[in-house]
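Student: I am new to this structure and should like to understand the terms used to describe it. May we go through them in turn?

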Amino acid sequence: MDDIDTLITGIITAVSESKLPETEKADVLAQLTVGMHRLVWPILLSHVPQYLLDDATGSPERFTMDDYVEMIDVALKNPATAKEMHDELKGALTEVSALLTKSL
Amino acid sequence: MSERPSSRERESKKTIADQVQAIFERRATKGERKLILETYETKLDALIQKLPKEQQDNVAVKIQKILTTIRGVFAEYGARITDFARKVFLWPMIRSATDFPKDKYYQIELGRAKAWGEFARDTTKTATAERTAFRDHFLSTAVSHAGVGGALLGTAGIIGGAATEGAKIGAVVGLGIQGAAVGAVAGGILGGAYSAGLFFKDKIMGPPVVFYDLLAGAGRNGVTINAPTNVPQQIPMIPGAVSA
């Protein structure tokens, strides 16, 4: 089990076994999902070359799936992108884990 | 006139979910990310939401390209973050294929994805309706796993059917958008206990790789999954939950 997996497992277990009402449990897990999505997009975009971002937003009518693929592929091929996503997700999940330990 | 509550009092009124949201929001808007989000997020999101439609075969080839990249760069960080990257970055492409099977379950998941999308853009405000919708989506998972009206709520009943039929790819595509269901299908095929906890984990992190391998490699109606031989790991179940 990798560190992200370990953290997620711990968080789900803590929430599941808590005395929170079911709706609040669901809300925590939903916010975890939303937050993770929310976090990785700006990291990815920060590694997309500026000209690709400007081309895409400057000529939206010409934006194709190939353009999307190029943006994703170029950004991800920078090794710093995956590392940053991993480190930030791990950091955030560690914070969430600590929050749950303190609050539940 | 009531007194303005102190910051400590305001903090204490936040739910745990609010505080989880704040943790991610702070990191998502840290440093240059805030400017990037402000400059590009809305415009790019509009573009991604409306990617031009393409044929399934074309999309499958492009998915394969991104899959190869994702596998390569996330390999050293583990399987779960790799699954998560697939989930986040491939979904707009899957949605844009004209002829991936789009049954009613796909539409259900599409609706949920849209609800999430709306909310995700608006985390600094109180997007109550979207948040409630997404919360209830998770809640329905717990309920369906508890065996209370599972079939009516969709997930558990669908999984059982899909597994029984050999999990045709149509069902996989329809179910797989949120990820959890594909893991559940794999779990069902394997006959192993598929806990609600694991179901939640799959839902959060995305489908196991088998989904995208099939999507990129086969991608046609009626193609049968060759189930992986690994057994899903166990994590504690939510009290009262049962296997799908």
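Student: How many residues does the contact take from chain A and from chain B?

Tutor: The contact takes 56 residues from chain A and 59 residues from chain B; two residues are in contact if their C-beta atoms, placed from the backbone, lie within 7 Å. This is a predicted model, in which local features need pLDDT of at least 70 and side-chain atom pairs count only at pLDDT 80 or more, while totals for chains, interfaces and linings use all residues. Residues are numbered from 1 along each chain as its sequence is written, and chains are lettered from A and ligands numbered from 1 in the order in which they are written.

Student: Which helix gives the most to the side of chain A that touches chain B?

Tutor: That is H2(A), with 22 residues. Helices (H or I, at least four residues) and strands (E, at least two) are DSSP runs, numbered from the N terminus.

Student: What makes chain A more spread out than a compact globule?

Tutor: Chain A has five helices and zero strands. Its radius of gyration, taken over C-alpha atoms, is 18 Å, whereas the globule rule (2.2 Å times the number of residues to the power 0.38) gives 13 Å for 104 residues. The value for chain A is well over the rule, so chain A is more spread out than a compact globule. Along its principal axes, the C-alpha trace of chain A spans about 50 × 30 × 20 Å.

Student: Why is H5(B) called largely enclosed by the rest of the structure?

Tutor: A residue is buried if 20 or more other C-beta atoms lie within 10 Å of its own, exposed if 12 or fewer, and partly exposed in between, with C-beta atoms placed from the backbone. In H5(B), 14 of the 18 residues are buried, so the helix is largely enclosed.

Student: How do you know that the span of helix H5 of chain B agrees with its number of residues?

Tutor: The expected span is 1.5 Å times one less than the number of residues. For the 18 residues of this helix (residues 79–96) that is 26 Å, and the end C-alpha atoms are 26 Å apart, which agrees.

Student: Where in chain B is confidence lowest, and where is it highest?

Tutor: The score is pLDDT, the predictor's confidence in each residue, from 0 to 100. In chain B, confidence is lowest in helix H8 (residues 150–153), at a mean of 26, and highest in helix H2 (residues 16–28), at 94. Chain B averages a pLDDT of 63, and 45% of the residues score at least 70.
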